[in-house]
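Reader: I'd like to talk through how some helices pack in this one. Can you put it up?

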Amino acid sequence: MSDDAKAAKELVETLKDGERGFADSADKLRDGEHPEWATALRRLSEERAGFWREIVDLGHDYGDDVDESGTVAAAVHRGWISLKDALTGDDAGAVLKAVVTGEDHAVSEYEDALKMDLSAGFREVVVRQQAAVVAARDEVKALESVG
């Protein structure tokens, strides 16, 4: 399996986790004191969906099927599982903290991917997406600090 395919599989799963995590968080926060947070998280969920679809489409262009479902154990590893606990309570700050944890992991997955021997075209996509993931993490951290 090429490094592109290995990196793509990991990134797609991480992005899908992020999409679900952001969406669940937005649902939790939409009726709270900060509905604008829910709007921001929903936007980030949609961004993640676009990112994983872009990677899957690139894989198809190269003949790779990188769109495979992960396991619960892998989701735990990817960092979004703490969100489940945060969603059961009423603390918006805990939800944002869990989102930041998930995003920290997403940033590290992109860093790992960029250490691999990626093709030029795929590397370009990964670099662009990584910048957006870092910006999203920083945006959520900023929300967390005003909460």
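Author: Sure, with the ground rules up front. It's a predicted model, where local features need pLDDT of at least 70, side-chain atom pairs count only at pLDDT 80 or more, and totals for chains, interfaces and linings use all residues. Residues are numbered from 1 along each chain as its sequence is written, and side-chain values use heavy atoms, with hydrogens and water left out.

Reader: Are α1 and α6 roughly parallel or roughly antiparallel?

Author: Helix α1 (residues 3–29) and α6 pack at about 25°, their axes 13 Å apart. Axes here are lines fitted to C-alpha atoms, for helices over the stretch in contact, and angles run from 0 to 180 degrees between N-to-C directions. Angles under 35 degrees count as roughly parallel and over 145 as roughly antiparallel, so α1 and α6 come out roughly parallel.

Reader: And how does α1 sit against α5, roughly parallel or roughly antiparallel?

Author: α1 and helix α5 (residues 92–114) pack at about 165°, with axes 10 Å apart. That angle makes the pair roughly antiparallel.

Reader: Which residues does arginine 137 contact, leaving aside neighbours within four places in sequence?

Author: Arginine 137 lies in helix α6 (residues 120–146). Its relative accessibility is 17%, so arginine 137 counts as buried (under 20% relative accessible area, with exposed over 50% and partly exposed in between, using a 1.4 Å probe and protein chains only). Taking contact as heavy atoms within 4.5 Å, and leaving aside those sequence neighbours, arginine 137 touches Glu103, Asp104 and Val107.

Methods. Helices (H or I, at least four residues) and strands (E, at least two) are DSSP runs, numbered from the N terminus. Angles under 35 degrees count as roughly parallel, over 145 as roughly antiparallel, 65 to 115 as roughly perpendicular and the rest as oblique.
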